[in-house]
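Morning, everyone. I have one structure to walk through today. Please take a look at it before I start.

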Amino acid sequence: MSELRKANTDHPYFVTLTIAGWMDLFTRERYNEIILDSLKYCIINKGLRVHEYIIMPSHIHMIIQHLDCRLPDVIRDFKSFTAKQIIKCVDEPGESRNDWIKYLFGYFAKKIKQNKENMVWQKTSHPIKLNNSKIYDQKADYIRMNPVASGYVTDEQAWKYCSACFDSPLKLEDGLLA
């Protein structure tokens with residue numbers, strides 16, 4: 001999170017949160033729900049503004065901001081909470097990959113040596129400050145077109161876990177998107 005320590009403005013930022021080892025964790029509904037519930041919580045209770053988002057199989061792209069310049073704290077808390085929830089969820093019935101997932105989380109924790117047992121998220125979020133409309137529009141288009149460019153869908157509105165989807169779990173009219 002140190003790369004966001006200098007995010008002392010209320011500008012929106014493009015960030016990417018990546019599962020350790022680029023593991024395709026978000027192919028299961030249960031993990032997507034953890035992300036969405038946590039984003040909703042951060043929007044309602046922590047002042048996070050989400051402009052655009054997409055949950056891809058191994059990572060999340062978002063355009064987000066915090067008007068009180070607390071974006072690094074919110075992202076840190078989001079990653080910490082979701083990591084704990086994901087680790088708990090791995091052991092719930094229905095996850096056929098639990099041994100493999102736990103092995104990889106442990107492997108990356110030892111490799112980085114910052115975490116004791118598990119590393120769910122990569123450390124960096126590659127923040128890009130969006131201080132003009134050209135950069136903002138380019139990143140918003142990138143988010144919307146990511147599943148199309150990856151070959152998952154032919155229409156960006158068909159990807160369920162994306163702000164471009166008509167049935168997006170986070171909706172502007174519900175006050176959950178900025």
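Buried residues make up 48% of the 178 residues in the protein chain. Keep in mind that this is a predicted model. Contacts next. Take those between residues at least 6 apart in sequence: 69% of them join residues at least 24 apart.

Now the layout. The protein chain has four helices and four strands. Read from the N terminus, the elements go β-α-β-β-α-α-β-α.

Let's turn to the sheet. Its four strands are arranged in the order S2-S3-S1-S4. The sheet is open, and the pairing is antiparallel. S2 and S4 are the edge strands, each pairing on one side only.

Go through the pairs. S2 and S3 are joined by seven bridges. Within that pair, Val50 has Ile64 in S3 as its bridge partner. S3, residues 59–66, is joined to S1 by six bridges, again antiparallel. There, Leu17 stands opposite Ile60. At the other side, two bridges join S1 to S4, residues 128–129. Phe14 stands opposite Ile128 in that pair.

Stay with S1 for a moment. How many of its residues are buried? Six of the six, across residues 13–18, so this strand is largely enclosed by the rest of the structure. In a regular strand, side chains alternate between the two faces of the sheet. Here, Tyr13, Val15 and Leu17 point one way. Phe14, Thr16 and Thr18 point the other way. Both sets are buried.

On to the core. In soluble globular proteins, nonpolar side chains tend to be buried together. The largest nonpolar core in this model has 51 residues. Which have the most contacts inside it? They are Leu25, Phe26, Tyr31, Ile86, Phe105 and Trp121. Strands S1, S2 and S3 each give two or more residues to this core, and so do helices H1, H2, H3 and H4. H2 gives the most, with eight residues.

Pick out Trp121. Leave aside residues up to four places away in sequence. Trp121 then touches Leu17, Thr18, Ile19 and Ala20, along with Phe26, Ile35 and Ile60. The list goes on with Lys79, Thr82, Ala83 and Ile86. Leu17 we met already, opposite Ile60 in S3.

Next, cavities. A search of the whole structure finds one cavity of 30 Å³ or more. The volume of the largest cavity is about 40 Å³. What lines it? Leu39, Leu48, Met62, Ile64, Val74, Ile75 and Phe78 do. That lining counts seven nonpolar residues, no polar and no charged. S3 and H2, residues 71–90, each supply at least two of the lining residues. H2 gives the most, with three. Ile64 also appears in the sheet, as the bridge partner of Val50.

One last residue: Asn146, in helix H4. Is Asn146 buried or exposed? The cut-off for buried is under 20% relative accessible area. Asn146 has 7% relative accessibility, so it counts as buried. Setting aside its neighbours within four places in sequence, Asn146 is in contact with Ile54, Met56, His59 and His61.

To recap. The sheet runs S2-S3-S1-S4, with S1 largely enclosed. H2 gives the most residues to the largest nonpolar core, and H2 also gives the most to the lining of the largest cavity. Over to you for questions.

Terms used. Residues are numbered from 1 along each chain as its sequence is written. This is a predicted model: local features need pLDDT of at least 70, side-chain atom pairs count only at pLDDT 80 or more; totals for chains, interfaces and linings use all residues. Side-chain values use heavy atoms; hydrogens and water are left out. Buried means under 20% relative accessible area, exposed over 50%, partly exposed in between (1.4 Å probe, protein chains only). Two strands pair if DSSP finds at least two bridges between them. On a 1 Å grid over the protein atoms alone, a cavity is a set of points where a 1.4 Å probe fits but cannot get out, and a pocket is an open set with protein on both sides within 12 Å along at least five of seven lines; lining residues have an atom within 4 Å of a point. Grid points are joined across faces, edges and corners, and a volume is the space filled by probe spheres set on the points. Ala, Val, Leu, Ile, Met, Phe, Trp, Tyr, Cys and Pro count as nonpolar, Asp, Glu, Lys and Arg as charged, and the others, Gly among them, as polar. A nonpolar core is a set of buried Ala, Val, Leu, Ile, Met, Phe, Trp, Tyr and Cys residues joined through side-chain atoms within 4.5 Å. Contact means heavy atoms within 4.5 Å.
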